[in-house]
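Open the model in your viewer and keep the selection box at hand. We will go from stop to stop.

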Amino acid sequence: MRKTIAIFVVVAVTCLLTWKLVQSDSHEQPAPVTEESRVIVAEYKWNGDTYQISLADLNAAIAELPVYRQQNYESRADKAEYLEELIEERLKILRAADEKFDKLSEHLKKLEDYTHQLMVEKLTEMEVDAKVVYTTDDLMAHYQANLSEYVEEAKVRATCITLDDEDLANETLDAIKAGKDIVDMAKELFDAGKLANGPGSTNSDDPGNTNFFIKGASPRWSEFIDAVFAQEVGEMTDAVFETDVNDETFYLIFRKEEHHPERQQEFDEVKSDIERTVERAKKRERINEWVTEISAKGKLKTYPDNIPTPPPPEEAETEESEQ
């Protein structure tokens, strides 16, 4: 219900403002004459009228492009190339105007809708964005009231060799127990292309290194994850660890390298996140306040009971079949 009122009021306000904005646009001051505006870089005629493009026009058109495109038109030759595109676009517009496409009702309706959208955006900037204020104390208060939301989960890191060949896995474990370091073994197997697609196998810079992960990192590898969390730092599997993932069997050998326990994040670590959350909340408050203000000013009345109840699906189907 509240959403319906809000939408109704905003649309009403935008319609009321349209005339004022159009009137103000009609009294805009002409652009000041500059050296660039005196330099003509193109001239063409259409239906007896002469049109010119100044250097100022060209540079302004380029400035309206996305930044990544502007960089393509910095040299003289590049600007000359874009000038051709600009002329072509303007000639197409003139040709379309000859066909009265600028008078099509569907086009005018879209133009009106887009104008209203821009008006509402501008009005929202003025009535909401510009009026939302919060302080560092507000951010700290939110942080203190929601400490549980800013807890960093426990995470671990391991060196893991993932294989899909049981015999190779047993041979690898025997070699490690005989004195081969698991990190060196992981690198050798990676270089030989024998590691299966699993924990530690995709780290080309440091084969075997799983990097840090939390308990819920991957449901598919939950057995491996639980086993690593249960280990002590420096502890390695005594036997080959067998696990099934998506109907495939993998054989793992791993050593727990690091364990960072759960910890409360400091305010400065999460300040930017808190700021976004508080800003959104403040904007919602201001929007509700604003809608109440304009609803009262517009003496808004709604009659939801006048909206007919649609017939049940079976009745609607019967009516369609009869028709």
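A residue counts as buried when its relative accessible area is under 20%, and as exposed when that value is over 50%. Keep in mind that this is a predicted model.

**Stop one: helix H6.** Select residues 105-127, which make up H6. Which residues of H6 are buried? They are His-116, Met-119, Leu-123 and Glu-127. In an α-helix there are 3.6 residues a turn, so residues three or four places apart point the same way. Now check the length. H6 has 23 residues and spans 32 Å from its first C-alpha to its last. That is close to the 33 Å expected at 1.5 Å a residue.

**Stop two: two lysines in loops.** Step back to the loop between helix H5 (76-98) and H6, and pick Lys-100. Its phi is near 65 degrees, a positive value in a residue other than glycine. Most residues other than glycine have a negative phi. Is Lys-100 buried or exposed? Its relative accessibility is 54%, so Lys-100 counts as exposed.

Jump to Lys-299, in the loop between helix H11 (267-297) and helix H12 (313-322). Here too phi is positive, near 50 degrees. Lys-299 counts as exposed because its relative accessibility is 69%.

**Stop three: the hairpin.** Select strand S1 (residues 40-46) and strand S2 (residues 49-54). They pair in the antiparallel sense over 6 bridges. Two strands form a hairpin here, S1 and S2, with 2 residues between them. Click on Asn-47 in the turn: its phi is positive, at about 55 degrees. Then find Lys-45, which stands opposite Thr-50 in S2.

**Stop four: the open sheet.** Show S4, S5 and S6 as a cartoon. In what order do the 3 strands lie? The order is S4-S6-S5, in an open sheet with antiparallel pairing. Strand S4 (155-163) and strand S5 (241-245) stand at the edges. Each has a single partner strand, so one side of each is left without a neighbour in the sheet. Neighbouring strands are turned by 50 degrees against each other on average, direction ignored.

Zoom in on S5 and strand S6 (residues 248-260), which are joined by 5 bridges and run antiparallel. Phe-241 is the residue to label, with Leu-252 of S6 opposite.

**Stop five: helices on the sheet.** Add helix H8 (residues 166-177), which lies across S4 and S6. Its direction is at about 35 degrees to S6. Next add helix H10 (residues 222-230), lying across S4, S5 and S6. H10 also runs at about 35 degrees to S6.

**Stop six: the largest pocket.** Finish with a surface view. How much space lies in the largest pocket? About 360 Å³. Its lining has 20 residues. Select Gly-198, Pro-199, Gly-200, Ser-218 and Trp-221, which lie nearest its centre. Keep two elements from the earlier stops on display: H10 and S6 each give two or more residues to the lining.

How values were computed
Residues are numbered from 1 along each chain as its sequence is written. This is a predicted model: local features need pLDDT of at least 70, side-chain atom pairs count only at pLDDT 80 or more; totals for chains, interfaces and linings use all residues. Side-chain values use heavy atoms; hydrogens and water are left out. Two strands pair if DSSP finds at least two bridges between them. Helices (H or I, at least four residues) and strands (E, at least two) are DSSP runs, numbered from the N terminus. Axes are lines fitted to C-alpha atoms, for helices over the stretch in contact, and angles run from 0 to 180 degrees between N-to-C directions. Contact means heavy atoms within 4.5 Å. Buried means under 20% relative accessible area, exposed over 50%, partly exposed in between (1.4 Å probe, protein chains only). The expected span of a helix is 1.5 Å times one less than its number of residues. On a 1 Å grid over the protein atoms alone, a cavity is a set of points where a 1.4 Å probe fits but cannot get out, and a pocket is an open set with protein on both sides within 12 Å along at least five of seven lines; lining residues have an atom within 4 Å of a point. Grid points are joined across faces, edges and corners, and a volume is the space filled by probe spheres set on the points.
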